[in-house]
Amino acid sequence: MILHPHLSVNSQGHLTIGGMDTVELAREFGTPAYILDENVIRQNMRTYLSAAEKNFGKGALPLFASKSLCFKEIYKIAAEEGLGIDCVSGGELFTAKSAGFPADRIYFHGNNKTDKDISDAMDMGVGRIVVDNTDELYAVNAEAMRRGTKQGILLRITPGIDPHTHKAVVTGSVDSKFGSAIETGQAMEIVKKAIACDGVELYGLHCHIGSQIFDIYPFSDAADIMVRFIAEIKKECNFSIRELNLGGGLGVRYTENDPHIDYAQAISDIAKVVTGFCNQNGIEMPQVRLEPGRSIVAAAGITLYTVGSVKQIPGFKNYISVDGGMPDNPRYALYQSRYTALIANRADAPRDFRATLAGRCCESGDLLGEDMDIQHAERGDILAVLVTGAYNYSMASNYNRIPRPPVILVKDGNARVAVRRETYDDLIRCDV
Ligand SMILES: *Cc1c(COP(=O)(O)O)cnc(C)c1O
């Protein structure tokens with residue numbers, strides 16, 4: 001096993017994913033290519049669903065966060081596994097609709113939905129719109145009134161988790177572009193406004209405190225603040241909140257320095273806070289939603305590249321250049337995210353070469369990692385970057401007019417194309 005149980009090395013010394021030889025996958029599908037182990041994705045979805053139902057009760061539902069990985073087939077998998085989804089744009093909604101995803105299990109997010117987004121979402125019949133602010137509340141209300149319908153909504157609330165005590169947590173603080181803060185009184189204000197609107201039905205509240213969080217305390221603190229707020233709403237407005245969406249954000253092991261997380265245990269720990277408070281205070285237990293993205297798909301994916309030039313600059317660094325880079329994985333350029341990389345065709349050799357992994361763009365920031373411990377590399381080797389299932393394909397661009405790689409799903413010894421490789425013709429399709 002390398003980092004995760006579905007990654008291993010076979011008798012030829014080749015890296016395998018879900019038991020399949022990555023060197024053969026590279027030969028069959030070309031490089032760069034995203035490879036995803038479908039069984040891992042399904043297993044993670046099942047873990048979330050069963051842990052949510054077990055700890056929060058039957059109506060609990062995990063929603064797969066589209067922004068982490070979005071293409072039609074992933075929605076079919078989520079639908080088959082009985083999950084809901086969250087979408088944050090018209091494009092994600094359209095993709096979900098094209099895949100036949102049941103609209104009533106879609107939660108529509110975003111801090112600045114356009115009028116067209118709102119009307120597209122209502123055309124589709126999305127179950128809930130997660131309303132960010134008062135302007136948006138009134139826009140949703142007006143559109144629903146115009147149609148003579150009532151739109152189910154949640155309100156996005158910022159619980160005010162202090163980012164100084166929890167550094168990884170950045171979207172749940174008062175000063176955020178997302179949601180309405182409890183601390184400033186704006187959250188209670190928007191709740192009252194929503195209750196008074198005839199075109200919306202307020203089902204509940206949403207919060208999302210950040211991403212790649214390993215510690216359980218930011219989540220249980222946020223859950224505690226949210227249920228206390230639910231109790232306050234009951235007292236002040238005599239109104240029952242029926243849904244509580246606790247967002248996503250559980251961390252994933254990218255390198256050997258990251259811990260393993262037991263997601264079922266984490267969900268159980270968070271549930272204790274919510275059920276404990278509700279029981280003690282006579283609050284009816286809301287139906288809970290969770291919104292995992294990264295923790296469902298990140299570990300399932302790897303990216304395969306072919307090594308081009310290997311440069312050793314005496315007294316400085318070693319560079320390994322590959323046939324991809326920031327267009328298929330912008331995360332190092334954006335956040336200096338750490339990854340694990342291997343030479344897939346010599347995966348059992350010692351990782352005793354320290355190198356910076358460079359892409360092929362005309363941009364010195366086009367790196368996949370610096371000072372990485374990897375095997376000695378030479379031109380023609382297959383290089384694998386691990387744990388790239390989340391926020392890689394979904395963040396990919398055509399910078400330098402580089403076509404996007406295909407997405408290949410492997411399952412039980414079979415590999416199939418879920419998204420084909422872009423062609424040069426695709427690149428000029430919109431050019432007039
Ligand atoms: C990004 C995001 C998620 C998913 O976060 P992960 O860290 O990928 O689990 C869920 N909900 C909202 C509102 C988000 O913005």
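Which side-chain atom lies 2.6 Å from an oxygen atom of the ligand? A polar side-chain atom of Y391 does. The model is predicted, and the distances and angles below are computed from it.

## Ligand contacts

The contact of Y391 pairs a polar side-chain atom with an oxygen atom of the ligand. The protein covers 94% of the 390 Å² of accessible area that the ligand has on its own. E291 also reaches the ligand through its side chain. One of its polar side-chain atoms lies 2.7 Å from a nitrogen atom of the ligand. G293 takes part through its backbone. A polar backbone atom of G293 is 3.0 Å from an oxygen atom of the ligand.

## The shell around the ligand

The shell holds 15 residues. K67, S211, E291, R294 and Y391 come nearest to the ligand. Two of these names, E291 and Y391, appear again in the polar contacts above.

By class, the shell residues divide into three nonpolar, seven polar and five charged. Among the nearest residues, K67, E291 and R294 count as charged. S211 counts as polar, and Y391 counts as nonpolar. Y391 still places a polar side-chain atom 2.6 Å from a ligand oxygen.

## Helix packing around α9

Two packed helices are described by the angle between their axes and the distance between the axes. Helix α8 spans residues 217-237, and helix α9 spans residues 263-281. They pack at an angle of about 20°, with their axes 9 Å apart. That angle makes α8 roughly parallel to α9, because the cut-off for this class is under 35 degrees. The crossing of α8 over α9 is right-handed.

Helix α2 packs on α9 as well. The axes of α2 and α9 come within 9 Å and cross at roughly 25°. α2 is therefore roughly parallel to α9. This crossing is right-handed too.

## Helix packing of α2 and α3

Helix α2 covers residues 38-56, and helix α3 covers residues 72-80. Their axes are 10 Å apart, at an angle of about 40°. α2 and α3 are therefore oblique to each other. α2 passes α3 in a right-handed crossing.

## Backbone exceptions

Most residues other than glycine have a negative phi, and most peptide bonds are trans. Three places depart from this pattern. The peptide bond from T31 to P32 is cis, with omega near -10°. P32 sits in the loop between α1 (22-29) and β4 (33-37).

The other two places concern phi. Q212 has a positive phi, near 55°, and is not a glycine. Q212 lies in the loop between β11 (200-206) and α8. N238 is not a glycine either, and its phi is positive at about 50°. N238 belongs to the loop between α8 and β12 (243-245). Helix α8 thus borders both loops: the one with Q212 and the one with N238.

How values were computed
Residues numbered from 1 in each chain as written. Predicted model: local features only at pLDDT ≥ 70, side-chain atom pairs only at ≥ 80, totals over all residues. Heavy atoms only, no water. Near = heavy atom within 4 Å. Polar contact = N/O pair within 3.5 Å; in protein donor to acceptor, adjacent residues only side chain to side chain. Areas by Shrake-Rupley, 256 points an atom, 1.4 Å probe, with all protein chains shown as cover. Axes fitted to C-alpha atoms, helices over the stretch in contact; angles between N-to-C directions. Helix = DSSP H or I, 4+ residues; strand = E, 2+ residues; numbered from the N terminus. Parallel < 35°, antiparallel > 145°, perpendicular 65-115°, else oblique. Left-handed = near helix turned anticlockwise from the far one by under 90°.
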